[in-house]
Amino acid sequence: MFDFIPIQLWLIALLGLFAMPPTRYVWRHLSHDARSRDVGRPPEDQSWRSERRLYLSVALLVALVAAGIFILTPFAERFAQSAAFWPAILGTLGSVTIGSVVKDWRDGRVEPLIRGVSTAYSRETQPRRYWASLGWNAVLGVGLLVASLTMPDSRAGSGCDYSDDEATWASALQACDAELADPDIGAAERATLRASRGSIHYMMGDYPRALADYSAALKVDPANPVTLYNRALVHGRMGADALAIKDLDASIALRHDDDAYHDRGLAHLNLNQFDAAIRDFTTVIARDPDHRFARVNRGFAHAMLNRAALAARDFAAVRPGDAGWPVALRGRAILAMQRRDHRQAIEHLTAALAIDPADRFSLAVRGDAYRLIGERDKAIADHDRLKALAEQARQRRD
């Protein structure tokens, strides 16, 4: 019914309700200062005044103002659209209500909540109404807490999510399309769905559609580090390493993630920006000394710069059979080429191609090595295979 009202206004209205009691107390405390009373009138009862309560009220108002500012940020909008939003709100209301019950029990004075009329009852003068109101507030507080713990996930049952199970991708994609067809969903939820569908497209190898979905999500939520990172992966798959670096720069500025540093290092490698790649890989290694991929890729960058000792030290981190072993073989082949030991380079590259026959880098360098030792037929065969793989990659991108 009220979908046209932004969620931020609902939250600010809620903060306004929280702010009313401390605001009234601060105003009353300041306006009833004994030092400014009319001396012609009898002294006013000041027993209700408390410096401690004044400080607590001011602190609460400052916290509420800070929360109001936070509400206007993109992070708050993402939280408001998340499944944890309403449980958190109900839990907060319940906790505050239970806290007020404890306070009213200690003070001997209670004001019933949600009555429409602001009336306070004293335990000494109105015991029946006092205990009834205190009980009502306690039941309300407990009810809010129970509701926060048992409230169903609003996104439970949504099939628009990806997993590593390839068999679920087609059905997940259909679920995303169906949910995005709903004209009543908000902009933030639509962006979340587009990002989820982008991930499914990415897993299915449909990079143009993945790029379109991630870009649409980022128009609504441009400061989402995960979506920025995911779009960078798509750019990398599509050969746009400069764009990948731009997205990774933005993602890292928001969240210092090892994978983002590592993937940015790989993008720098693809652009022959070896010193920049080494800086990124070194950052990863400093954060995780056991990160073998970062170490072996840093060794490859050192090899491209003909820093044999540094490359050898990094290559020592991997062994035959490790996932990073082909990178070490390629790096050692580069060092052999720099020594003009073309036979040794061919041996390393052939071993790398035995692990990954579609290794385009190894095919290109081995073809050059064959050409340099005069084995022209083998060089042509490698370059023909390289052209075929490049055409296959182009067709996948299109």
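**A guided tour of the predicted model**

Begin with the whole protein coloured by secondary structure, which comes to 18 helices and two strands. The coordinates are those of a predicted model.

Keep all 398 residues of the protein selected and colour them by accessibility: 38% of them are buried. Next, display the molecular surface. The protein exposes about 23100 Å², and carbon and sulfur atoms supply 58% of that area. For the contacts, consider those in the protein with a separation of 6 or more: residues 24 or more positions apart account for 50% of them.

Now select helix α1, which spans residues 7–31 and contains I12. How exposed is I12? Its relative accessibility is 37%, so I12 counts as partly exposed, since that class lies between the limits of under 20% for buried and over 50% for exposed. Add L9 and L72 to the selection. Together with I12, these residues form a nonpolar patch on the surface, and the accessible area of the three amounts to about 290 Å².

Move next to helix α18, residues 376–397, and select D377 within this helix. Is D377 buried or exposed? D377 counts as exposed because its relative accessibility is 63%, and the exposed class begins over 50%.

With D377 still selected, add G367 and draw a line between the two C-alpha atoms. The distance is 9.5 Å in space, for residues that stand ten positions apart in sequence.

To close the tour, show both sites at once: the surface patch of L9, I12 and L72, and D377 in helix α18.

Key
Residues numbered from 1 in each chain as written. Predicted model: local features only at pLDDT ≥ 70, side-chain atom pairs only at ≥ 80, totals over all residues. Heavy atoms only, no water. Patch = residues over 30% accessible without salt bridge, like charges linked within 9 Å, V, L, I, M, F, W, Y side chains within 5 Å. Areas by Shrake-Rupley, 256 points an atom, 1.4 Å probe, with all protein chains shown as cover. Salt bridge = Lys/Arg side-chain N within 4 Å of Asp/Glu carboxyl O. Helix = DSSP H or I, 4+ residues; strand = E, 2+ residues; numbered from the N terminus. Buried < 20%, exposed > 50% of the residue type's maximum accessible area, 1.4 Å probe, protein only. Contact = heavy atoms within 4.5 Å.
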